[in-house]
Amino acid sequence: MNAEDRDPLLVAINRMYSELDPPPAGLTERVLAALAVDDLDLEYELLTMVHRSQQLAGVRSADDQKLVLEFTAVGMTVMLRVSPVDAGHRRIDGWVTRTADASGDAPDLTASLWQEQGTHTAGVGSHGRFEFAGVPRGLTRLDLLATGSDSAFRTTLFEI
Amino acid sequence: MAASDVTGRPGATEEVSVWVRATACFERWQGGESAALDELVRLMTPVLWHTVRAYGLSQAAAEDAVQNTWLALVRNGHQVAQAAAIGGWLLTTARRTAWRTKTSDGKATAVEDTQLAAGLPSTAAAETSALEELAGSALWEHVRTLDERCQRLLRIVAFDDRPDYAGLAQNLGMPIGSIGPTRRRCLDKLRSSLEKGGQL
């Protein structure tokens with residue numbers, strides 16, 4: 001480190017943020033889990049989460065909350081609405097918006113939901129809608145795969 | 001900074017810096033030792049966290065940005081030509097992801113800073129004069145009075161001893177040449193606020 005970087009004030013700022021806003025518990029483990037289940041042979045675009053919100057109105061407990069997630073990549077936006085089915089299961093309604101390519105038509109998509117217990121798949125309808133009626137709670141990742149093409153999109157692991 | 005010379009950095013002797021350890025892990029991983037990646041993740045994840053949070057991302061978006069940074073490394077790590085550049089590569093990738101998220105979500109929260117402050121115990125730290133003894137919560141009372149750009153810049157440089165000024169300049173919307181002076185000005189402001197508060 002150079003002299004300016006060793007300013008004790010910066011050292012104190014480092015300590016302050018480490019104390020007041022530490023990484024969430026389990027972040028490192030979730031990163032390692034995401035890397036462990038990443039299959040390197042598939043080429044995909046990363047979908048970045050840009051929004052996550054919990055809808056709290058009128059719910060009795062955290063278990064009843066609806067969750068809205070939004071991811072983007074170049075050429076694609078995905079919204080997910082996650083609603084409780086029962087204590088252990090969630091319903092997911094998804095909407096995909098794509099920027100059409102030059103030819104104006106976009107290939108059919110399949111949504112694939114990865115979870116520790118297994119993988120679920122669902123077709124994406126012509127209006128970009130897809131649904132998973134009842135999937136277990138837990139760490140989840142969504143892949144969107146284009147039929148007959150190599151193009152694929154993938155989210156990070158997220159908790160539902 | 002002319003002083004950020006990779007080989008001749010003084011002061012890194014008392015403990016092996018996070019950057020040196022990151023380089024060693026990355027070299028071992030490139031050499032085929034897969035456990036070295038886990039070590040690198042454990043070492044650098046907290047640093048990446050503070051970097052993306054400096055951009056005002058929510059907890060969930062910040063976590064996502066950190067995960068994506070690591071996935072990008074696994075996919076594109078071969079682009080890192082020199083192992084010594086791994087720390088900078090990770091931070092630059094994290095900052096770029098954070099910046100993209102920030103600009104595509106107008107709703108990215110500035111709210112959490114207030115929550116952060118509200119959750120703090122109010123401390124009367126007047127008796128402590130040395131920074132080493134200054135409680136984080138007391139320091140925050142002064143840091144939070146700085147403008148957003150100062151807060152962001154100081155958080156970034158507090159965790160990155162060799163920031164990539166070109167990338168930073170772009171993210172912060174400043175000319176490269178003004179980062180060094182701005183950083184000094186922000187530190188001076190904070191120092192004088194602490195002095196006025198009787199904490200220095």
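The following exchange concerns a predicted model of two chains, A and B.

Residues are numbered from 1 along each chain as its sequence is written, and chains are lettered from A in the order in which they are written. In this predicted model, local features need pLDDT of at least 70 and side-chain atom pairs count only at pLDDT 80 or more, while totals for chains, interfaces and linings use all residues.

Trainee: Which helix of chain B gives the most to the side that touches chain A?

Mentor: Contact requires C-beta atoms, placed from the backbone, to lie within 7 Å. In these terms, 50 residues of chain B are in contact with 39 residues of chain A. Helices are DSSP runs of H or I with at least four residues, numbered from the N terminus. With 12 residues, the greatest contribution from chain B comes from helix 3.

Trainee: How is helix 2 of chain A placed relative to helix 2 of chain B, roughly parallel or oblique?

Mentor: Their axes, lines fitted to C-alpha atoms over the stretch in contact, give angles from 0 to 180 degrees between N-to-C directions. The two axes come within 10 Å and cross at roughly 125°. Angles under 35 degrees count as roughly parallel, over 145 as roughly antiparallel, 65 to 115 as roughly perpendicular and the rest as oblique. Therefore helix 2 of chain A, relative to helix 2 of chain B, is oblique.

Trainee: Which residues of helix 2 of chain B meet helix 2 of chain A?

Mentor: From helix 2 of chain A, the participants are A:L27, A:T28, A:V31 and A:L32. Their partners in helix 2 of chain B are B:D38, B:V41, B:R42, B:T45 and B:W49.

Notes: Contact = placed C-beta atoms within 7 Å. Helix = DSSP H or I, 4+ residues; strand = E, 2+ residues; numbered from the N terminus.
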